[in-house]
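The following note collects some points for your consideration. They are best read with the coordinates open.

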Amino acid sequence: MERLAVKGGRPVRDRPFPACVTIGEEEKRAVLGVLESTVLSRFLAVWGPDYLGGPQVRALEAEWASRFGARHAVSVNSATSGLYAAVGAAGVGPGDEVIVSPYTMTASATAALIYGGIPVFADIDPETFCISPDTIAARLTPRTRAVIAVDLFGHPADMDGIMDLARDHDLTVIEDAAQAPGASLNGKPAGTLAHLGVFSLNYHKTIHCGEGGMVVTDDPALAERVQMIRNHAEVAVKARGVKDLVNMVGWNYRMTEIEAAIAREQLKKLDRLVAARQEAAAYLTGRLEGTRGLLPPRVRPGVKHGYYLYAMRYTGAGSGIPREKVVAALVAEGIPVVNGYVEPIYLQPLYQQRIAFGRDGFPFTYPGYTGTVDYRKGICPVTERMYYDELMYTGVCHAQVTREDLDDVAGGFQKVFGALEEL
Ligand SMILES: *Cc1c(COP(=O)(O)O)cnc(C)c1O
């Protein structure tokens, strides 16, 4: 075996891996078309023909709804805005508990706070890294109002089980599918498996328009409320005839015509881009399966994984070598691998100090909140194990990546894992 690069040997790979580029001539033409029209956004915060946006925005929404088999799609300027609007539409208010994942992009938990809700963290499943019916059930209280489940890394959460639980306990479920466009569960697209689904179109996601997002739902009342929150709800409720004023306080979450035009072109590429990710992942898993001390991503029966990231678990195989050393050795071999993903969200200063809005600890200290939420270290042991000890991921899993690139990735893993004891 060749000497490890961390020990002065030659790295497996001495040049960078290809960047993930999805923007091409189609998007350039689409942008120019909008510029030539001179209408860069047609939204107006007045109930009337322009309240729901211009031609590109509306066309994107229709195409999105059709591609994903949802009755309604409402565009927004980010998935963060989409999550906030979804929580608002769900009627969450001060003191309501919202069960969320601790192992996700921060906004999937913050969304609960925006309406004065109390994020309650459920642990993740060690195979899918998503919150599960069991871990959610363990956190239910009479105050639970909603659940935000994340399809982490592109693997759908067990949404069938979660929706069963929601039915029994009268909860609204929001599926954060920011990382999972093109993934599916039993043939049904990720993002359409709950009452509301949210997608991201930010630069780092599978398809993007710079910044953007989409909310989908089959419920016309929820769709209407998301539309209202997107565009200064309070000024339009009277004219639109919206009687229930709960959370009908609006923001400006509107997408421009330029972003919508780009997103329309990106949507056409989605199936191809996801298929390329699945193909790359399948090849990599084929090469890495059986490596001592490493567990490639699991895919549950009935699931098509979106592979936003290729996430693995390091089990050490009794070597006692910490993950950090292994990841450093992989990086030295020229293989881009990252430790741990994000810190469990409840360990953020916001939750540790319980300071969110104002100086008095709202919403945690809201007198109408009768619960006792726990944010101590240790509340989600699987999440902490993944973050501190086991999880590592690579982003070398997309349409620009060649077989040769994947062979280098696999070669780097085999070299390092074949010499764990030397680290
Ligand atoms: C990226 C991401 C978001 C936020 O998306 P934006 O469009 O950047 O606001 C939310 N949730 C998850 C799981 C994400 O990965």
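1. The model under review is predicted. A convenient place to begin is Gly334, which adopts a positive phi of about 90 degrees just after helix 10.

2. Helix 10 itself spans residues 323-332, and its buried residues are Arg323, Val326, Val327, Ala329 and Leu330. These residues lie on the same side of helix 10, because the arc they cover around the axis is only 160 degrees. The elements against which they pack are strand 12 (310-314), strand 13 (338-339), strand 14 (391-394), helix 12 (381-390) and helix 13 (403-417).

3. Several of these strands belong to a sheet that merits separate inspection. The sheet is open and consists of four strands in the order 10-12-14-13, with antiparallel pairing. Strand 10 (294-295) and strand 13 occupy the edges; each has a single partner strand, so one side of each lacks a neighbour in the sheet. Helix 9 (residues 257-288) packs on this sheet, where it touches strand 10 and strand 12, and its direction makes about 20 degrees with that of strand 12.

4. Within the same sheet, two bridges link strand 13 and strand 14 in the antiparallel sense. In this pairing, Val338 stands opposite Tyr393 of strand 14.

5. Is strand 8 (residues 196-200) buried or exposed? Five of its five residues are buried, so strand 8 is largely enclosed by the rest of the structure. Leu196, Val198 and Ser200 point one way from the strand, whereas Gly197 and Phe199 point the other way. Such a pattern may be read against a general rule: in a regular strand the side chains alternate between the two faces of the sheet.

6. The pairing of strand 8 should be examined on both partners. Strand 5 (residues 172-176) runs parallel to strand 8 and is joined to it by three bridges. Strand 9 (residues 213-217) runs antiparallel to strand 8, with four bridges between them. Val198 provides a useful reference point: Asp176 stands opposite this residue, and its bridge partner in strand 9 is Val215.

7. A final point concerns Arg225, located in helix 7 (residues 220-230). With a relative accessible area of 10%, Arg225 falls under the 20% cut-off and is therefore buried. Its side chain reaches the backbone oxygen of Asp244 at 3.0 Å. Leaving aside neighbours within four places in sequence, Arg225 is in contact with Ala89, Val242, Asp244, Leu245, Val246 and Met248.

Key:
Residues numbered from 1 in each chain as written. Predicted model: local features only at pLDDT ≥ 70, side-chain atom pairs only at ≥ 80, totals over all residues. Heavy atoms only, no water. Buried < 20%, exposed > 50% of the residue type's maximum accessible area, 1.4 Å probe, protein only. Pairing = 2+ DSSP bridges. Polar contact = N/O pair within 3.5 Å; in protein donor to acceptor, adjacent residues only side chain to side chain. Contact = heavy atoms within 4.5 Å. Arc of directions from axis to C-beta. Axes fitted to C-alpha atoms, helices over the stretch in contact; angles between N-to-C directions.
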